[in-house]
Structure formats: structure tokens, C-alpha cells
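Hi everyone, thanks for making time this morning. I'd like to walk you through one chain, so please have a look at the screen.

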Amino acid sequence: MHFTCEISKQMTADVVVVGGGTAGVFAAISAAKSGCKTVLIEKNSMLGGTMTAAGVNFPGLFFAWGKQIISGPCWESIERTVALGGATLPHISFHPKHHWHEQIKLNPFVYTTVLFQMCEEAGVHVICNAMISYASEEQNGVRCVVTTKDGLVAIRASVAIDATGDATLCQLVGFDMLKSQTQQPATLQNHISGYVAHEEIFERVKQSFAPTKLPSHITADDLIGYLKRNKINMHVACVDADTAEGRTQLEKNALYEMMKVVCFLKEIEGLEKLTVDSIALETGVRETKRIVGKHIVTAEEYINGYTYPDSVCYAFYPIDLHVEKGIEQRFHEENVVSKVPYRALIPQKSHRILCAGRCVSSDTYANSALRVEAVCMATGQVSGAAASVMIREGVDAADITYQALCTTLHSMGAIVPNEVL
Ligand SMILES: Cc1cc2nc3c(=O)[nH]c(=O)nc-3n(C[C@H](O)[C@H](O)[C@H](O)COP(=O)(O)OP(=O)(O)OC[C@H]3O[C@@H](n4cnc5c(N)ncnc54)[C@H](O)[C@@H]3O)c2cc1C
């Protein structure tokens, strides 16, 4: 079968960023603030990706051992959200009781509004409801075709940044990918209400517990925890969620599994009126594919705070691999902070394409930590700044000068390793 499709519109840009999520928004803002004509393509109707559409609105971690390690436009977005009443900054200490106490709970409505405003102020041309369908690297640039509400749009740009979470742009170009043997479960965020949680109900839950009526991993204690927190921890197996078929299956499974839990609970006296008030627009995916970059960050490098010759941002979060029964964690030694090398953002065979967010080049365990939101934002900023340096210096991604990249990052308030700690 051979189809010829009509392109309804042609566009040119210095930088095209695909994916307006946690990382992509800051890739676009950083490129635009550095003087690049920047287009941002986002498949959803809102910006923020997993942070807004999937309801994972608690970024970690901007601080390590009592000091700020990630700043720049992404920190400005947090400050602006706080100023609008959409977040409260946590108390920061050298030794927090739990690392997640230093995550910042953001109101998704306020946060996505702030992201649109910041993009507009920086001059980013945002196109929502648009999905990348084709991409190729060409002499001194990248060509992509985007499917939009009003037809196919062809975009020619000097640099492209893949911030899709799934490395979709890189997959379309044909770059090599890394994939963990088992992908971490995905989670559908939700809120439940319509009952009063008390000991008698918990006792009834224990007595009527029937594993055959529930998803296999759920225990009676889990159910009691859900009732106490007004939230069902709806973890589902995640297989190939970077494909349309895999993603569809994932969304169906999450809904069906959650319906089983809700129906089971509603049969218990006192929970008849339990209701699911809200679910996230999409199930939160922890992991799909990552690029094979010019450097692959390993768990040992990560947890020991290895300093690379091209370290471009800090990262701080324990290794945090969600497995079938619980989480495998590994913590930093005191005063150790991880770094990310610029080469982890460059696909091995790329000339003009960079990558940011959870799909950066890293092994399974290192990625389980690097994927957190503040780090995704920081790699976004690095990719946008690097794109501007590529254009200024007229060179490929791998050939920019490290000093120029650091200076550009510094000029937008980003913290660059070796200068602060
Ligand atoms: C359940 C769960 C719990 C988590 N808990 C925490 C936590 O406690 N703290 C923390 O900091 N992090 C946490 N994380 C990790 C973190 O949320 C993600 O790793 C991070 O948000 C990923 O950022 P990203 O920019 O790579 O991807 P995303 O934020 O997902 O952004 C990708 C964007 O690209 C868009 N897109 C995708 N494909 C296309 C396409 N083909 N064309 C156009 N647009 C496209 C998407 O719509 C999205 O907006 C959690 C993740 C999950 C799923």
C-alpha cells in the first residue's frame, strides 16, 4: 500500500522541542531565552506532562544536604506557583527524615497555567494537540512531521530536542534504544471519598478480604492504607507503553483493576457510598525506553557522585526501582551529590538531536533516580541551552564547547556542577 499525504503547513524554527512535559517546557524556554526561534509540540491539551496530566505533581529534589542544587527557569516556575498560592515550600534540612519530605506539592491548575505563561513570555510557539509522526536528521538540521488537529505540519529546524519521555523522536529517527528487562509498574493517580475512615471499617475490610476478587498484589493492609489516604495506589504492569497498542492496554488495565478494588470496597458496610472523585487524565508511566547516548550513566557512577568532565547538572534522589513487591532503594553517602554528563543527552548516532527527561542515557538503576522531576527539568534546561550553543557555534551536539554551555546555563540562573558545592 502506498499513500501520499498532503502537508497542510510548513514551518521553520531554530529549535523544535517534542513533548511539553516536565523536561520539554524548560528545554523550550531555555532555547527561546537564549535567542532561538523555538517551537514546542505537545500531544495533550495542557503543559506539564506527567506532573499535570498524570497527576504526579510533587517534584523532587531541588535540594541536597541543605543546599539548593537545581535552579534556573524551572525554579522560577516553582516560585511563581508558590506566589499564586499553588504550592508551599517545604522545610529544607541537612538530614530530612524522609527524602520525599523535600518534594514540593504543586497545584496542577496553577502549575500548568504558569508553564503556559512562561512559554509565552519567552516567545516559545506552543502547539498542543499535536503528535510527532515522522522525523529524520538531515544536513545541518532535522525534519519532522507533526499530526495536528488541522492536518499535517512539516517542521524544519536546526536542532530537535526529544522530551517525549519515551524517546519517540529518537525512535522515529532509528537511533538505538535501551530497555530494562522488566519495566517498572505504572500508576493511575486518583482521589476517593464518600466515607468516614475508622477502625470498625478497617476491621470489616480485614474480615471480608477476598484476594480472588482483587488485583493479585493487593493486601488487606493496602486497602486500609487507601482508605486512610483517600487514594487507591493503583499500580499496573507496564509493557511497551511507548507504543499506541501498549499504552491503550495499560490505560484499560489500570481502569479495570481499579474498578475491581472500588466494587470490592463498596460491598463493605460503611463504604457503600465510596466514590472516585477524580482520576488523572492518563496513567503515570515510570519507564519505557531510553536513548543509547554517548555516555550511559551507571548506578555506581550515580550513587557515588562521579564527577564527569562534562557534568552539566546535579541530581539527588535515592536509587528507587519499583519492583513487583516494593521498592529497591540505595541512598547516597553523606554530602555526596550525583551529576549528569552532557553526553547522556546526546544519542550515540546523533548530530542535531538532543534528549531530555526520563529517557536520558542511563542504566536501569541509575534511571530509577535520574527520572525524578527536578532532574528532568534540569536536563531540559541543559538541552535548550546546548541547542542555542550549537546554533551560535554552528556545530553538532557533540562538538559544542563545554565552557560555552556552562556560561549559557549560568546566564539563565541554572546551577552548574563544580561551581556551587
Ligand atoms: C506514578 C509515578 C510516581 C512518581 N513519583 C515521583 C516523585 O515522587 N517525585 C518525582 O520527582 N518524580 C516522580 N516520578 C517521576 C517523574 O514524574 C517522571 O519521570 C518525569 O515527570 C518525566 O518527565 P519527562 O519530561 O521525561 O516526561 P513527561 O513529563 O511525561 O513529558 C513528556 C511529554 O511529552 C508528551 N509526548 C509524548 N509523546 C509525544 C509525541 N509523540 N508527540 C508529542 N508529544 C508527546 C507527553 O504528553 C508529555 O507532555 C514519578 C512517576 C510516576 C509515573
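I'll go from the overall fold to the surface and then to the domains.

First, a reminder that what you see is a predicted model. How many helices and strands does the chain have? The secondary structure comes to 11 helices and 19 strands.

Now for the overall dimensions. Along its principal axes, the C-alpha trace spans about 70 × 60 × 40 Å. The radius of gyration is 22 Å, and that agrees with a compact globule, because a globule of 421 residues would be expected near 22 Å.

How about the inside? Of the 421 residues, 56% count as buried. For those of you who like contact maps, take the contacts between residues at least 6 apart in sequence: 73% of these join residues at least 24 apart.

On to the outside. The accessible surface comes to about 18,300 Å², and carbon and sulfur atoms account for 53% of that area. As for charges, the chain has 36 positive and 44 negative ones, and the mean positions of the two sets are 2 Å apart.

Finally, the domains. The assignment gives domain 1 as 7-180 + 287-411, while domain 2 covers 186-279. So how far apart are the C-alpha centres of domain 1 and domain 2? They lie 32 Å apart. The contact between the two takes 10 residues from domain 1 and five residues from domain 2.

That's my tour, and I'm happy to go back to any part of it with you.

Technical notes
Residues numbered from 1 in each chain as written. Predicted model: local features only at pLDDT ≥ 70, side-chain atom pairs only at ≥ 80, totals over all residues. Heavy atoms only, no water. Helix = DSSP H or I, 4+ residues; strand = E, 2+ residues; numbered from the N terminus. Rg over C-alpha atoms; globule rule 2.2 N^0.38 Å. Buried < 20%, exposed > 50% of the residue type's maximum accessible area, 1.4 Å probe, protein only. Contact = heavy atoms within 4.5 Å. Areas by Shrake-Rupley, 256 points an atom, 1.4 Å probe, with all protein chains shown as cover. Lys, Arg positive; Asp, Glu negative; His and termini not counted. Charge placed at Lys NZ, Arg CZ, Asp CG, Glu CD. Domains from an automatic or database assignment.
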